[in-house]
Amino acid sequence: MSSVHYKFKSSVDYDTVTFDGLHISLSDLKKAISIQKKIGKSAEFDLQITNAQTGEEYKDETHLIPKNASVIVKRIPLGGVRANIRVEPMDLNGLPDHKPVCKSIIDSFKLQSRVSLYVY
């Protein structure tokens, strides 16, 4: 029996996935980790697998991970990063044409500081 040692980024200890052969594909490793950790199949996240020694991120689902490798696992949301709200210092005399996030927040910032919030 061969094995790959894994831990989630926030964990201290490594767990082990066992398999037959010299390598395990990235997709099979993700499935095995999901089953062991009982996180199921969800369309909301994916598992990001990174080699613990080299820092190489495995992206190709057909990539073969050798036996006795140690990897770091991170849950990431599917669909990319969510929208950001930007905070920018600016001159309040020449307000841009963007609509404020919330007029009361902007008004309180005007009274307290020289910073305004806008959604771009």
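In this predicted model, Gln48 finds its bridge partner in β7, namely Lys74. That bridge belongs to a longer run: β4 (residues 45–51) and β7 (residues 70–77) line up antiparallel and share seven bridges.

Zooming out, the two strands sit in an open, five-stranded sheet that reads β2-β1-β7-β4-β5, with mixed pairing. The edges go to β2 (15–19) and β5 (57–58), each of which pairs on one side only. Helix α1 packs on this sheet, where it touches β1 (2–8), β2, β4, β5 and β7, and its direction makes about 115 degrees with that of β4.

As for the helix itself, α1 covers residues 26–37, twelve in number, and spans 16 Å from first C-alpha to last, close to the 16 Å expected. Its buried residues are Leu26, Leu29, Lys30, Ile33 and Ser34. These five lie on the same side of α1, because the arc they cover around the axis is only 135 degrees. The spacing fits the usual helix rule: with 3.6 residues a turn, residues three or four places apart point the same way. Just past the end of α1, Lys38 adopts a positive phi of about 55 degrees.

Helix and sheet come together in the largest nonpolar core, which counts 17 residues and has Leu29, Ile33, Ile49 and Ile65 as its members with the most contacts inside it. Two or more residues come from each of β1, β2, α1, β4 and β7. Ile49 gives a good view of this region: leaving aside residues up to four places away in sequence, its contacts include Leu26, Leu29, Lys30 and Ile33, along with Tyr58, Ile65, Val71, Ile72 and Val73. Glu56 and Glu57 also touch Ile49.

Key: Residues are numbered from 1 along each chain as its sequence is written. This is a predicted model: local features need pLDDT of at least 70, side-chain atom pairs count only at pLDDT 80 or more; totals for chains, interfaces and linings use all residues. Side-chain values use heavy atoms; hydrogens and water are left out. Helices (H or I, at least four residues) and strands (E, at least two) are DSSP runs, numbered from the N terminus. The expected span of a helix is 1.5 Å times one less than its number of residues. Buried means under 20% relative accessible area, exposed over 50%, partly exposed in between (1.4 Å probe, protein chains only). The arc is that of the directions from the helix axis to the C-beta atoms. Two strands pair if DSSP finds at least two bridges between them. Contact means heavy atoms within 4.5 Å. Axes are lines fitted to C-alpha atoms, for helices over the stretch in contact, and angles run from 0 to 180 degrees between N-to-C directions. A nonpolar core is a set of buried Ala, Val, Leu, Ile, Met, Phe, Trp, Tyr and Cys residues joined through side-chain atoms within 4.5 Å.
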